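Please work through the exercises below with the sequence and the structure at hand. Each task is followed by a worked solution.

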Amino acid sequence: MRIAVAGSIATDHLMTFPGRFADQLIPEQLHTVSLSFLVDALDIRRGGVAANICFGMAVLGHTPILVGAVGDDFADYRSWLDRHGVDTASVYVSQLHHTARFLCTTDDDHNQIASFYAGAMSEAREIELQPIVDRVGGLDLVLIGADDPDGMLRHTEECRTRGIPFAADPSQQLARMNDVRELVDGAAYLFTNEYEKSLCEQKTGWSDEEILERVGVRVTTLGPKGVRIDRLGEPSLHVDAAPEVRKVEPTGVGDAFRAGFLSAISWGLSIERAAQTGNLLAAHVLEVAGPQEYTLHKHQFVERFAGAYGQEAADEVARHVLA
């Protein structure tokens with residue numbers, strides 16, 4: 001499958017707070033919060049949801065097509081992605097803005113407080129998908145992730161108009177967007193976490209069943225509880241999370257899940273195998289500091305897959321993993 005991933009491309013500034021955010025919050029004073037957290041560590045990493053997903057797919061042996069807007073400071077980042085197998089030829093380079101920045105602080109409970117500077121991402125609305133389709137000879141799926149809101153709406157509408165299957169992954173942009181129905185309706189896949197699932201229903205005004213009538217597959221990640229997959233008229237499928245070796249930093253875990261999920265779908269594997277692949281790749285990200293700092297070795301990946309989900313499942317995946 002030829003899969004394009006549209007969304008943010010950013011540099012992540014990841015900080016660690018040695019304590020609990022909850023201990024610093026006074027319920028009676030939440031309307032006038034003014035806090036500063038003294039952090040222990042700062043890691044500057046490559047990130048952005050689209051770039052993270054593409055990196056994960058490339059690590060598994062695919063050549064995903066990255067779609068997003070960056071500044072003229074993108075050269076080193078582009079080289080990194082190119083070397084790992086990501087197709088960056090359709091990335092839009094702004095003449096006005098820097099590449100986006102994500103600033104995130106994580107506490108001891110792995111809760112996060114973050115800010116996002118859009119920068120060049122605000123120009124993603126200038127990107128048209130048809131020239132990308134022409135360049136690569138067609139697209140089988142476009143994942144539309146968190147990005148410039150107008151760009152997300154444009155990509156979704158273009159996919160509908162041109163008959164290109166798309167996956168809706170609004171994630172962080174759900175909070176600020178009011179056109180959520182336009183993002184969701186007709187999606188082949190809808191990705192959210194558990195909180196975003198409820199927010200999606202609130203923003204659309206549609207019930208869980210009404211959303212299932214409008215999408216092909218609804219995928220809800222549940223953190224350490226794994227993932228639930230829903231399809232209209234079928235029982236829910238729950239897939240346990242893959243055991244992690246250690247917990248270091250959660251940024252990018254959801255992006256890695258999507259990378260693994262889409263990779264397995266591209267291989268023609270079942271929805272269950274796709275969820276398992278996503279869960280295991282997500283565990284790899286949780287074990288390092290940064291969403292693109294993990295390495296994947298086929299033998300170890302398949303061995304861990306067998307330990308988590310059984311040898312039969314591992315054998316199915318092993319035929320496709322190229323790392």
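**Exercise 1: a helical histidine**

In which helix is histidine 155 found, and does histidine 155 count as buried or exposed?

Solution. The model is a predicted one. Begin with the secondary structure: histidine 155 lies in helix α4, which covers residues 149-162. Next, take the relative accessibility, which is 1% for histidine 155. Buried means under 20%. Histidine 155 therefore counts as buried. Finally, list the contacts: leaving aside residues up to four places away in sequence, histidine 155 touches Ala6, Ala124, Ile127, Leu129 and Ile144.

**Exercise 2: the order of the sheet**

Determine the strand order of the open sheet of four strands and state which strands form its edges.

Solution. Read across the sheet: the order is β3-β2-β7-β8, and the pairing is mixed. The edge strands are β3 (41-47) and β8 (112-117), each of which pairs on one side only. From one strand to the next, the twist averages 15°.

**Exercise 3: two antiparallel pairs**

How many bridges join β2 to β3, and how many join β7 to β8?

Solution. Consider β2 (residues 10-16) first: seven bridges join β2 to β3, and the two strands run antiparallel. Within this pair, histidine 13 has isoleucine 44 of β3 as its bridge partner. Turn then to β7 (residues 100-106), which pairs with β8 over six bridges, again in the antiparallel sense. Here phenylalanine 102 has phenylalanine 116 of β8 as its bridge partner. In the hairpin of β7 and β8, five residues lie between the strands, and histidine 110 takes a positive phi near 65°.

Definitions and conventions. Residues are numbered from 1 along each chain as its sequence is written. This is a predicted model: local features need pLDDT of at least 70, side-chain atom pairs count only at pLDDT 80 or more; totals for chains, interfaces and linings use all residues. Side-chain values use heavy atoms; hydrogens and water are left out. Two strands pair if DSSP finds at least two bridges between them. Axes are lines fitted to C-alpha atoms, for helices over the stretch in contact, and angles run from 0 to 180 degrees between N-to-C directions. Buried means under 20% relative accessible area, exposed over 50%, partly exposed in between (1.4 Å probe, protein chains only). Contact means heavy atoms within 4.5 Å.
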